[in-house]
Amino acid sequence: MLQSKSTDNTESPALETQDADSADIRDTDIVFDCPHCGKSLVIDYRGAGLQIDCSSCGERVLVPIPDGMQLTDLDLDAGEVLKQLFATRRNFQKAELQIQELKTRLTQLQETLGVMQNVIAEGLAKD
Ligand SMILES: [Zn+2]
C-alpha cells in the first residue's frame, strides 16, 4: 500500500532551522544568519520570533520577525507557545542571575578602587 503524502497542511511543520545552501526555500520562509556560527539558515515563517536550535552549531538562535509580519499571522498551537514562554522565562532568569553577578563584581571593583584611591592619596600626602 502506498502512503499518500498529504497535501493539505493541517499539521504544523516541524519548526527547525535548515542549511539555507541546501534547503528548498519557499517564499514564506525566513532566511537569516546564525549569530553564533554565521551560517545562513532557513526556517518556516511560523518560527518567527521563536528560539530555535541552529542546524549547524546547535546553539539556540532567535529567529527574526520579518518586517511587516504580524504576530497574529502565526497560528502556533498552545503547546508550542507554552514551550517558548518557558524558554523565554529561563533565559530571563539566567539574565537576572548574570546581572546579580555583575552587580557583585561591580561592588568588589568599587571597593578595590576605593582602597587604591586611599593608597594614592596617602602616597601623595607623604611627598
Ligand atoms: Zn549556528
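In this predicted model, β2 and β3 make a hairpin, with six residues sitting between the two strands. The turn includes G38, whose phi is positive, at about 80 degrees. The two arms of the hairpin, β2 and β3 (residues 40-43), run antiparallel and are held together by four bridges. Two of the facing pairs can be picked out by name: F32 has L41 in β3 as its bridge partner, while V31 stands opposite V42, also in β3.

The hairpin belongs to an open sheet of three strands, paired in antiparallel fashion and ordered β1-β3-β2. That puts β1 (18-19) and β2 (30-33) at the edges, each pairing on one side only. Stepping back to the whole protein chain, there are five strands and one helix. Read from the N terminus, the order is β-β-β-β-β-α, with the helix coming after the strands.

What makes up the largest nonpolar core? It is a set of eight residues: I30, L41, V42, I43, A48, L50, V61 and V63. β3 supplies the largest share of this core, with three residues. One of the core members, L41, has quite a list of contacts once residues up to four places away in sequence are set aside: T17, Q18, A20, F32, D33, C34, C54 and S55. Burial is limited overall, though, as 8% of the 127 residues in the protein chain count as buried. As for how far along the sequence the contacts reach, 38% of those with a separation of 6 or more join residues 24 or more positions apart.

Two loop residues give a closer look at the surroundings of the strands. A23 lies in the loop between β1 and β2. Is A23 buried or partly exposed? With 16 other C-beta atoms within 10 Å, A23 falls short of the 20 needed for burial but is above the 12 that would make a residue exposed, so A23 is partly exposed. Leaving out residues up to four places away in sequence, A23 touches Q18 and V42. The second of these, V42, is 19 residues from A23 in sequence, yet their C-alpha atoms are 7.3 Å apart in space.

The other loop residue is G49, found between β3 and β4 (51-53). G49 also has 16 other C-beta atoms within 10 Å and is partly exposed. Along the chain, G49 and L62 are 13 residues apart, and 6.2 Å separates their C-alpha atoms.

Then there is the helix. α1 spans residues 78-126, which is 49 residues, and stretches 72 Å from first C-alpha to last, close to the 72 Å expected at 1.5 Å a residue. Why does α1 lie largely in the open? The number of buried residues among its 49 is zero, so the helix is largely out in the open.

How far can the picture be trusted? For the protein chain, the mean pLDDT is 84, and 84% of residues reach 70 or more. Confidence is highest in β3, at 95, and lowest in α1, at a mean of 89. Residues 6-10 are another story: pLDDT stays under 50 there, and the model gives this stretch zero contacts beyond four places in sequence. Where pLDDT is low, the predicted coordinates should not be read in detail.

Key:
Residues are numbered from 1 along each chain as its sequence is written. This is a predicted model: local features need pLDDT of at least 70, side-chain atom pairs count only at pLDDT 80 or more; totals for chains, interfaces and linings use all residues. Two strands pair if DSSP finds at least two bridges between them. Two residues are in contact if their C-beta atoms, placed from the backbone, lie within 7 Å. The expected span of a helix is 1.5 Å times one less than its number of residues. A nonpolar core is a set of buried Ala, Val, Leu, Ile, Met, Phe, Trp, Tyr and Cys residues joined through C-beta atoms within 7 Å. pLDDT is the predictor's confidence in each residue, from 0 to 100.
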